[in-house]
Amino acid sequence: MKRKDVLAYLRIAGYHGDRKAFTRLLVENRVSRTAANEAWISGRKARENGVGCTCHPCRDPTS
């Protein structure tokens, strides 16, 4: 998985507060802990500010 994609998934995990996904992504991919934490915080702040989520289940709730 590309670094850009991993950081996007880490932001989504932060948005949803999904610590299991965060840990799995961090362990399985070569991303620094600092970058991972920044992505997590970015996702949390997006949720606090009312920004919509871009993950597939949120975009298409019928699936």
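How do the axes of helix 1 and helix 2 cross, and within what distance do they come? In this predicted model, the two axes come within 8 Å and cross at roughly 160°. Because angles over 145 degrees count as roughly antiparallel, that crossing makes helix 1 roughly antiparallel to helix 2. The crossing of this pair is left-handed.

**Helix 1 against helix 2**

The residues that bring these two helices into contact can be named on each side. From helix 1 come Val-6, Tyr-9, Leu-10 and Ala-13, and these meet Ala-21, Phe-22 and Leu-25 of helix 2. Sorted by class, the residues of this contact are seven nonpolar, no polar and no charged.

**Helix 1 against helix 3**

Two packed helices are described by the angle between their axes and the distance between the axes. For helix 1 and helix 3, the angle is about 45° and the axes lie 7 Å apart. That angle makes helix 1 oblique to helix 3, and helix 1 passes helix 3 in a right-handed crossing. On the side of helix 1, the contact includes Arg-3, Leu-7, Leu-10, Arg-11 and Ala-13, and it continues through Gly-14, Tyr-15 and His-16. On the side of helix 3, the residues met are Ala-35, Ala-36, Ala-39, Trp-40, Ser-42, Gly-43, Arg-44, Ala-46 and Arg-47. By class, this contact holds nine nonpolar, four polar and four charged residues.

**Helix 2 against helix 3**

The axes of helix 2 and helix 3 come within 11 Å, and they cross at roughly 150°. With this angle, helix 2 is roughly antiparallel to helix 3, and the crossing in which helix 2 passes helix 3 is right-handed. Arg-19, Phe-22 and Leu-26 form the helix 2 side of the contact, while Arg-33, Ala-36, Asn-37 and Trp-40 form the helix 3 side. These residues divide into four nonpolar, one polar and two charged.

**The nonpolar core**

Which residues touch the most other members of the largest nonpolar core? Of its 13 residues, they are Leu-7, Leu-10, Ala-13, Phe-22, Val-31 and Ala-36. Helix 1 (3-16), helix 2 (19-28) and helix 3 (33-48) each supply at least two residues of this core.

Several of these core residues have already appeared in the helix contacts. Leu-10 and Ala-13 take part where helix 1 meets helix 2, and both are also among the helix 1 residues that meet helix 3. Phe-22 belongs to the contact of helix 1 with helix 2 and also to that of helix 2 with helix 3. Leaving aside residues up to four places away in sequence, Ala-13 touches Asp-18, Ala-21, Phe-22 and Trp-40.

**Four partly exposed residues**

The table lists four residues that count as partly exposed, each with its relative accessible area and one C-alpha separation.

| Residue | Relative accessible area | C-alpha separation |
|---|---|---|
| Asp-18 | 33% | 15 Å to Glu-38 |
| Arg-24 | 43% | 9.8 Å to Leu-10 |
| Arg-47 | 45% | 5.6 Å to Tyr-15 |
| Val-51 | 45% | 16 Å to Leu-10 |

Asp-18 lies in the loop between helix 1 and helix 2. Is Asp-18 buried or partly exposed? Since buried means under 20% relative accessible area and exposed over 50%, the value of 33% places Asp-18 in the partly exposed class. Not counting residues up to four places away in sequence, Asp-18 touches Ala-13 and Trp-40. Glu-38, the partner given in the table, is 20 residues apart from Asp-18 in sequence.

Arg-24 is found in helix 2, and Leu-10, with which it is paired in the table, is 14 residues apart from it along the chain.

Arg-47 is in helix 3. The chain places Arg-47 and Tyr-15 32 residues apart, although their C-alpha atoms are separated by 5.6 Å. With residues up to four places away in sequence left out, Arg-47 touches Tyr-15 and His-16.

Val-51 has its place in the loop between helix 3 and helix 4 (56-59). Beyond the residues up to four places away in sequence, Val-51 touches Tyr-15 and Ala-46. Tyr-15 is thus touched by Val-51 and by Arg-47, and it is also one of the helix 1 residues that meet helix 3. Val-51 and Leu-10 are 41 residues apart along the chain.

Notes
Residues numbered from 1 in each chain as written. Predicted model: local features only at pLDDT ≥ 70, side-chain atom pairs only at ≥ 80, totals over all residues. Heavy atoms only, no water. Core = buried A, V, L, I, M, F, W, Y, C linked by side-chain atoms within 4.5 Å. Buried < 20%, exposed > 50% of the residue type's maximum accessible area, 1.4 Å probe, protein only. Helix = DSSP H or I, 4+ residues; strand = E, 2+ residues; numbered from the N terminus. Contact = heavy atoms within 4.5 Å. Axes fitted to C-alpha atoms, helices over the stretch in contact; angles between N-to-C directions. Parallel < 35°, antiparallel > 145°, perpendicular 65-115°, else oblique. Left-handed = near helix turned anticlockwise from the far one by under 90°. Nonpolar A, V, L, I, M, F, W, Y, C, P; charged D, E, K, R; others polar.
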